[in-house]
Amino acid sequence: MFGEVTLSLLKGFGVTCEVFALTLLFALPLGLIISFGSMSKFKPLKWLCKVFVWCIRGTPLMLQMIVVYYGPGLVGKWAQGIEDPNLIITWLASWTVFDRFVAVLVAFIINYACYFSEIYRGGIEAIPVGQREAGQVLGMKKSQLFFKVTLLQVIKRIVPPMSNEIITLVKDTSLARIIAVYEIIYAGERFIKAEGLIWPLFYTGAFYLIFCGVLTLLFGYIEKKLDYFRG
Amino acid sequence: MAMLEVKGINKKFGKIEVLKGIDFELNKGEVLSIIGSSGSGKTTLLRCMTFLETAEQGTVFVDGDCVFDANEQKRISLAEARRRQLYFGLVFQSFNLFPQYTVFDNVCLAPKLLAKDRPDFRANKKAIYEEIENNARKLIERVGMTPRINMYPCQLSGGQQQRVAIARALALNPKILCFDEPTSALDPELTGEVLKVIRSLKDGDCTMVIVTHEMNFAREVSDKIIFMDNGVIAEQGTPDILENPKTERLNAFLNAFN
């Protein structure tokens, strides 16, 4: 029985890992773009980004997932009901529900990108202005200044808050259960209905613990690696 | 012809007029010290010259080349801005070394990045880098930092960091080297070692502008002294003005030191 449960949970855990990895892969760069937007000198862009971040951080991830999952289908249905449609309406009418897994990813990526963007912004704004000025007087281009001078200092500063957020992400993946994506919690829960067993659900905790333990070690290692300089 | 020619520089921060028409000239190889109490506009003047601030009025010429004109209508290209920027080197009060690089890499970084724009970069990359690195080693030797060439800024004292910052500025071979209170963050002992380095640069034909509170140093090293007060040049001349100030204001300022 134990072997069977483990196998089943591992399958769910695979999906959990997929959600985790793909979210990171896309949310990390997207967050950087949003953070540049919210630091932009072009006011409309800055405010657009700020309002967007406010909306995403101000509503539950669970709700966002449901909106992403059902929203397009609702729009499509509404558009289909409109008489003599133009080009846009026709296009909207073709909208259907997302694939469950894709819906989860879209919601997670957007949500986490917004949180990351605020961490990046904090890290970038904490770099002393003297670094930028030194780069400017030395004739560096803006991109060179960012990649050769600022970036590593930002990374060093944001490793602790980032590790916090990323460890939260591991556990947030369990929210995917809400729209019936077969991740590890779902896998554990199934045994309650099918066999009347509760312990497989408890057992899932071990997977999370191990995963987060590995991540903690990894972040500790990165922090140590960046310990050679101060600033 | 004057190496540096500054005319009618005006700078406001909001409604406060920080610089009210600054004019001066400096010849090649000369050392200018700018003195004056805090808030008199010394640092702002230096920052206007080095493009860290933009003046509302005035012009700056380097070696006959107009590098700043407040009335210039058309926007200059980034490459042109960079070309003008590189006339000046600047040493900061707070050093501003790049913390993640060693002494050696701090000195090499900017010249290496700059070399990427050379048309022959791809073909001669190795030779170019070697030349830059050799030059960096020489400069580090010149400021007496060779024993610590592979250390990081956080492992150095303030005086050592400032000496590296001087080498870093020299690595781009600026026509005019500016110092913004280079010793104000240092204790007297460390101040001495930094001043020694600056003094040694005078023997080359480096044109320098130094904002400082070290009166003895200014007297000894300068060809020219400007005393600023409240956004204007209250008195300028040879270091003699420190012995025989003509204005009441400079007299009062100098008395505060004794």
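Trainee: In chain B, what share of the contacts with a separation of 6 or more comes from residues 24 or more positions apart?

Mentor: We're looking at a predicted model, so keep the ground rules handy: local features need pLDDT of at least 70, side-chain atom pairs count only at pLDDT 80 or more, totals for chains, interfaces and linings use all residues, and side-chain values use heavy atoms, with hydrogens and water left out. Residues are numbered from 1 along each chain as its sequence is written, while chains are lettered from A and ligands numbered from 1 in the order in which they are written. A contact means heavy atoms within 4.5 Å. For chain B, with a separation of 6 or more, the share from residues 24 or more positions apart is 66%.

Trainee: And what is that share in chain A?

Mentor: We look again at contacts with a separation of 6 or more. In chain A, residues 24 or more positions apart account for 77%.

Trainee: How many helices and strands does chain B have?

Mentor: Helices (H or I, at least four residues) and strands (E, at least two) are DSSP runs, numbered from the N terminus. In chain B, the tally is eight helices and ten strands.

Trainee: What is the radius of gyration of chain B?

Mentor: The radius is taken over C-alpha atoms, and the globule rule is 2.2 Å times the number of residues to the power 0.38. For 258 residues that rule gives 18 Å, and chain B is close to it, so the chain is as compact as a globular protein of that length. The value for chain B is 19 Å.

Trainee: What is the radius of gyration of chain A?

Mentor: Chain A is built from nine helices and zero strands. A compact globule of 231 residues would come near 17 Å. Chain A, though, has 22 Å.

Trainee: What part of the residues is buried in chain B?

Mentor: Buried means under 20% relative accessible area, exposed over 50%, and partly exposed in between (1.4 Å probe, protein chains only). By that cut-off, 43% of the 231 residues in chain A are buried. Of the 258 residues in chain B, the buried part is 54%.

Trainee: Which residue of strand 8 is the bridge partner of B:Leu177?

Mentor: Start with strand 7 (residues 176-180) of chain B: five of its five residues are buried, so the strand is largely enclosed by the rest of the structure. Two strands pair if DSSP finds at least two bridges between them; strand 7 runs parallel to strand 6 (residues 88-91) over four bridges and parallel to strand 8 (residues 207-211) over five. On the strand 6 side, B:Gly89 stands opposite B:Leu177. In strand 8, the partner of B:Leu177 is B:Met208.

Trainee: Which residue takes a positive phi in the hairpin of strands 9 and 10 of chain B?

Mentor: Strand 9 (residues 224-229) has six of its six residues buried, so it too is largely enclosed by the rest of the structure. Strand 9 runs parallel to strand 3 (residues 31-35), with four bridges, and antiparallel to strand 10 (residues 232-237), with five. In strand 10, B:Gln236 is the partner of B:Ile226. Two residues lie between the hairpin strands, and the one with a positive phi, near 55 degrees, is B:Asn230.

Trainee: Which residues of chain A does B:Gln85 touch?

Mentor: B:Gln85 sits in helix 2 (residues 78-85) of chain B and is buried, at a relative accessible area of 5%. Helix 6 (residues 129-137) of chain A has buried residues that pack against helix 2 of chain B, among other elements. Not counting residues up to four places away in sequence, B:Gln85 touches B:Thr50 and B:Phe51. From chain A, the residues touched are A:Gln136 and A:Val137.

Trainee: How far apart in space are A:Asn111 and A:Leu61, C-alpha to C-alpha?

Mentor: A:Asn111 belongs to helix 5 (residues 100-125) of chain A, and its relative accessible area of 4% makes it buried. Leaving aside neighbours within four places in sequence, its contacts are A:Ile56, A:Leu61 and A:Gln64. A:Asn111 and A:Leu61 are 50 residues apart in sequence, yet their C-alpha atoms are separated by 6.9 Å.
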